[in-house]
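Hello,

Here is the structure I promised to pass on to you. Please have a look at it, and then read on for what turned up.

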Amino acid sequence: MNYATFTNKLKELGIKKTEFMRHVEMNTGTVSTWSKTDKVPKWVELYLDLLIKIKGLLPDLSQYKASAVADHDKE
């Protein structure tokens with residue numbers, strides 16, 4: 001995977017690069033190396049693809065969050 005694809009997948013997930021690196025417990029300098037070489041490890045691509053698939057399977061709960069807040073405010 002190239003670096004542009006990596007950044008696009010993070011955007012799709014709504015994750016910042018630094019958040020991703022903290023999540024997988026890697027040094028943030030690693031992302032800098034990936035950008036310079038334009039090569040991101042295969043496991044990162046597989047991991048992000050899995051997260052994207054999981055995100056797609058989850059229902060959109062925003063409507064319930066909004067109604068729960070409104071119901072709570074009525075009390």
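Let me start with one residue: Thr 5 counts as partly exposed, because its relative accessibility is 30%, which falls between the 20% limit for buried and the 50% limit for exposed. Please keep in mind that this is a predicted model. Thr 5 sits in helix H1. Its C-alpha atom is separated by 9.1 Å from that of Val 40, although the two residues are 35 apart along the chain.

Now for the overall fold. The protein chain has five helices and zero strands, so you will read the pattern α-α-α-α-α along the sequence. It has 75 residues, and 20% of them count as buried. If you take the contacts between residues at least 6 apart in sequence, 61% of them join residues at least 24 apart. The accessible surface comes to about 5,700 Å², and carbon and sulfur atoms account for 56% of that.

Next, the interior. In soluble globular proteins, nonpolar side chains tend to be buried together. Here the largest nonpolar core is made of 12 residues: Tyr 3, Phe 6, Leu 10, Leu 13, Phe 20, Met 21, Val 31, Trp 34, Val 40, Val 44, Leu 48 and Ile 52. Four helices each give two or more residues to this core, namely H1 (3-13), H2 (17-23), H3 (29-37) and H4 (42-57). H1 supplies the largest share, with four residues. Val 40, the partner of Thr 5 in the distance given above, is itself a member of this core. So is Ile 52, and apart from its neighbours within four places in sequence, Ile 52 is in contact with Lys 9, Glu 12 and Leu 13.

Finally, two backbone angles that you may want to look at. Most residues other than glycine have a negative phi. Glu 25, which is not a glycine, nevertheless has a positive phi of about 55 degrees. This residue is in the loop between H2 and H3. Is Glu 25 buried or exposed? Glu 25 counts as exposed, because its relative accessibility is 74%, and the cut-off for exposed is over 50%. Asp 38 also has a positive phi, near 55 degrees, and is a residue other than glycine. You will find Asp 38 in the loop between H3 and H4. With a relative accessible area of 40%, Asp 38 is partly exposed.

Happy browsing, and best wishes!

Terms used
Residues are numbered from 1 along each chain as its sequence is written. This is a predicted model: local features need pLDDT of at least 70, side-chain atom pairs count only at pLDDT 80 or more; totals for chains, interfaces and linings use all residues. Side-chain values use heavy atoms; hydrogens and water are left out. Buried means under 20% relative accessible area, exposed over 50%, partly exposed in between (1.4 Å probe, protein chains only). Contact means heavy atoms within 4.5 Å. Accessible areas come from the Shrake-Rupley method with a 1.4 Å probe; for residues, only the protein chains shown count as cover. A nonpolar core is a set of buried Ala, Val, Leu, Ile, Met, Phe, Trp, Tyr and Cys residues joined through side-chain atoms within 4.5 Å.
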